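The following exercises concern the structure shown below. Please attempt each task before reading its solution.

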Amino acid sequence: MRLIREQAVTPATLTSNVPITETAWAAGTYATGVRRAVGEDLYEVTAAPSTADEPVAGAAREPKTWVRVGKINRWRMFSEFVAEQTIIASPLTVEIDTPATANAVALFGLEAAAVEVVTYEGNVETARINKPMTNVNEVGNWFEYFFQPITKIEEGVVLDLPSYGTTRMVITVTNDTAPVAVGKLVIGEAVALGRTSIEFGAGIEDFSRKERDEFGGYSIVERRFARRAEFVVYMDGVKVPSVLRHLAEVRARPTVYIGDPDVPESIVIGFYKDAWTTRKTRDFAQMTLEIEGLT
């Protein structure tokens, strides 16, 4: 079991081939429904029939004259939502300046065929890893091999990177014929917590609304969903204080938790709802970890 301490990505540390096509706000009068960008954020006019307010100020008014609808396309992959995807014709390439200890990459909400991560120390390449995003494990027989649609993995991690000295990473995401989509990209430092039990739970929490009328029919409003996971983690007794310290550090920010890097459903980004450690003996401890994922 590992977590990734995320490094914040800023305009100063990011170089991206995703063009900024959104129109930046400038002083003027805007009609209802018009969208304008302010920095990394995208706002939409909600006032009727129009407003001359600045978007950030308008979003703080009551009633609101603008509302923030999310990030611009380049920055959606770094937003607080997995469902808010950056979409571009293949390939998508980003170069990120990193601290020396950055050694892990995690991606969520993917629509891609492959991911390549290249690390550098200065101008010297130190690692190059290619990760296919096709889930061949779902093919159980020859009929499925020939006739079942190819299944893509929606989340993946790259952990076998140099543990010290990295100053920048170049991450390239490619797709076959469709555009590339990335819901969330996280880079940072992987921290080992313990050994994940082979028995763990994984599922989703759906926020859609389903209401039955008096005739038995359903009215359905489809909304986002979030991943969930429950793990049992074993560790040496001497590790308990450091593990609790690591968890305390990330208690209020989204964090990547990795039960097994080769099992996609055990890779979740979100918050731990509960983390409880029990000493079984003086030298052995067990922790239960319940994760609530981002939408």
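**Exercise 1.** State how many helices and strands the secondary structure of the protein chain contains.

*Solution.* In this predicted model, the helices are counted to begin with, and there are three. The strands are then counted, giving 24.

**Exercise 2.** Determine what share of the residues of the protein chain is buried, and describe the exposed surface.

*Solution.* Step 1: a residue counts as buried when its relative accessible area is under 20%. Step 2: by this criterion, 41% of the 295 residues are buried. Step 3: the chain exposes about 15700 Å², and 53% of that area comes from carbon and sulfur atoms.

**Exercise 3.** Identify the members of the largest nonpolar core that touch the most other members, and the strands that supply at least two residues each.

*Solution.* Step 1: the core has 31 residues, and those touching the most other members are Leu-92, Val-105, Ile-171, Val-173, Val-182 and Leu-185. Step 2: at least two core residues come from each of strands S9 (92-97), S10 (104-108), S11 (114-121), S14 (168-174), S15 (180-182) and S16 (184-192). Step 3: a separate, second core holds 19 residues, among them Val-233, Met-235, Val-250 and Tyr-272.

**Exercise 4.** Which residues does Leu-92 contact, leaving aside neighbours within four places in sequence?

*Solution.* Step 1: contact requires heavy atoms within 4.5 Å. Step 2: the partners of Leu-92 include Ile-171, Val-173 and Val-182, which are also listed among the core members touching the most others. Step 3: the remaining partners are Asn-17, Val-18, Met-77, Thr-86, Thr-172 and Val-180.

Note on methods:
Residues are numbered from 1 along each chain as its sequence is written. This is a predicted model: local features need pLDDT of at least 70, side-chain atom pairs count only at pLDDT 80 or more; totals for chains, interfaces and linings use all residues. Side-chain values use heavy atoms; hydrogens and water are left out. A nonpolar core is a set of buried Ala, Val, Leu, Ile, Met, Phe, Trp, Tyr and Cys residues joined through side-chain atoms within 4.5 Å. Buried means under 20% relative accessible area, exposed over 50%, partly exposed in between (1.4 Å probe, protein chains only). Helices (H or I, at least four residues) and strands (E, at least two) are DSSP runs, numbered from the N terminus. Accessible areas come from the Shrake-Rupley method with a 1.4 Å probe; for residues, only the protein chains shown count as cover.
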